[in-house]
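Dear colleague,

Please find below the structure that I am handing over to you. My notes on it follow directly after.

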Amino acid sequence: MPISPLHLANDRPRGSSAFTLVEVLIVVVILGILAAVVIPVWGEAAEDSRRQAFVSTLQNFVKVSELVNARTGTWPADSGSGDLPSEFVGLVKVDDWEDGTPIGGVWDFEYMDSAVTAAVGVHFDGGDAKDAAYMRRVDATFDDGDLNDGAFQNIASDRYYYVLAP
């Protein structure tokens with residue numbers, strides 16, 4: 001009587017708990033499929049987290065700017081991109097400002113510049129700039145998702161700011 005390959009596969013000694021090569025390959029394929037589904041979702045969640053951290057930090061800087069204005073009757077002085085306005089010292093953590101934004105670029109305060117009276121936001125300086133679609137999603141958390149008007153605007157090339165006073 002000839003022995004079939006199927007018969008040999010089932011002839012493992014009793015008590016043997018080893019996996020066959022086919023079983024291992026099936027598990028590897030399943031894990032690969034799961035990874036292909038989960039990794040893009042995780043990447044988008046991480047980007048959403050960075051965007052929300054940017055919005056939250058920007059809102060804090062807006063409140064500090066308004067506090068300075070309420071106390072002194074004027075907005076903080078114009079600062080260089082990435083330079084903490086002197087009026088913010090003691091009101092914000094210096095590293096929160098000087099380490100840059102969670103989405104890239106550096107924090108900046110504009111006063112009587114870039115066609116606005118006062119604004120605080122991000123200046124993308126170089127290759128880390130976000131595209132308009134990305135920044136419209138940020139804008140949608142503040143108002144209408146239109147970067148040309150409203151509270152959050154694109155006031156110059158690679159500059160997106162919350163306008164405190166037009």
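**Findings**

Asp96 lies in helix H3, which spans residues 94–98. With a relative accessible area of 40%, Asp96 is partly exposed. On the surface, Asp96 gathers with Asp83, Asp95, Glu98 and Asp99 in a patch of negative charge. Please bear in mind throughout that this is a predicted model.

**Overall architecture**

The protein is built from four helices and four strands. Read from the N terminus, the order of these elements is α-α-α-β-β-α-β-β. The protein has 166 residues, of which 33% are buried.

**Aromatic pairs**

There are nine aromatic pairs in the structure. One of them is formed by Phe54 and Phe152, whose ring centres are 6.5 Å apart and whose planes stand at 75°, so the pair counts as edge-to-face; the cut-off for that class is an angle over 60 degrees. This pair connects distant parts of the chain: Phe54 belongs to helix H2 (residues 21–72) and Phe152 to strand E3 (residues 152–156), with their positions 98 residues apart in the numbering. Phe54 is buried, at a relative accessible area of 0%, and Phe152 is likewise buried, with a relative accessibility of 0%.

Phe54 and Phe152 also belong to a cluster linked by ring pairs. The other members of this cluster are Phe61, Phe88, Trp97, Trp107 and Phe109.

**Salt bridges**

The structure contains six salt bridges. Several of them are described here in turn.

Arg51 pairs with Asp48, and their closest N and O atoms are 2.4 Å apart. Both residues are in helix H2, and because they are three residues apart there, about one helical turn separates them. Is each partner of this bridge buried or partly exposed? Arg51 is buried, since its relative accessible area of 7% falls under the 20% cut-off. Asp48, in contrast, is partly exposed at 32%.

Arg159 takes part in two of the salt bridges, one with Asp108 and one with Glu110. In the bridge with Asp108, the closest N and O atoms are 3.0 Å apart. Arg159 lies in strand E4 (residues 159–165) and Asp108 in strand E1 (residues 106–113), so this pair ties together parts of the chain that are 51 residues apart in sequence. In the bridge with Glu110, the N to O distance is 2.8 Å. Glu110 also lies in strand E1, so its bridge to Arg159 in strand E4 ties together parts that are 49 residues apart in sequence.

How buried are the three residues involved in these two bridges? Arg159 counts as buried at 18% relative accessibility, which is under the 20% limit. Asp108 is buried with a relative accessible area of 1%, and Glu110 counts as buried at 3%.

Finally, Glu47, Arg50 and Lys130 are joined into one network by salt bridges that share partners.

**In brief**

The points I would draw to your attention are the patch of negative charge that includes Asp96, the ring cluster that includes Phe54 and Phe152, and the salt bridges that Arg159 forms with Asp108 and with Glu110.

With kind regards

Conventions. Residues numbered from 1 in each chain as written. Predicted model: local features only at pLDDT ≥ 70, side-chain atom pairs only at ≥ 80, totals over all residues. Heavy atoms only, no water. Patch = residues over 30% accessible without salt bridge, like charges linked within 9 Å, V, L, I, M, F, W, Y side chains within 5 Å. Areas by Shrake-Rupley, 256 points an atom, 1.4 Å probe, with all protein chains shown as cover. Salt bridge = Lys/Arg side-chain N within 4 Å of Asp/Glu carboxyl O. Lys, Arg positive; Asp, Glu negative; His and termini not counted. Charge placed at Lys NZ, Arg CZ, Asp CG, Glu CD. Helix = DSSP H or I, 4+ residues; strand = E, 2+ residues; numbered from the N terminus. Buried < 20%, exposed > 50% of the residue type's maximum accessible area, 1.4 Å probe, protein only. Phe/Tyr/Trp six-rings, centres within 6.5 Å; stacked < 30°, edge-to-face > 60°.
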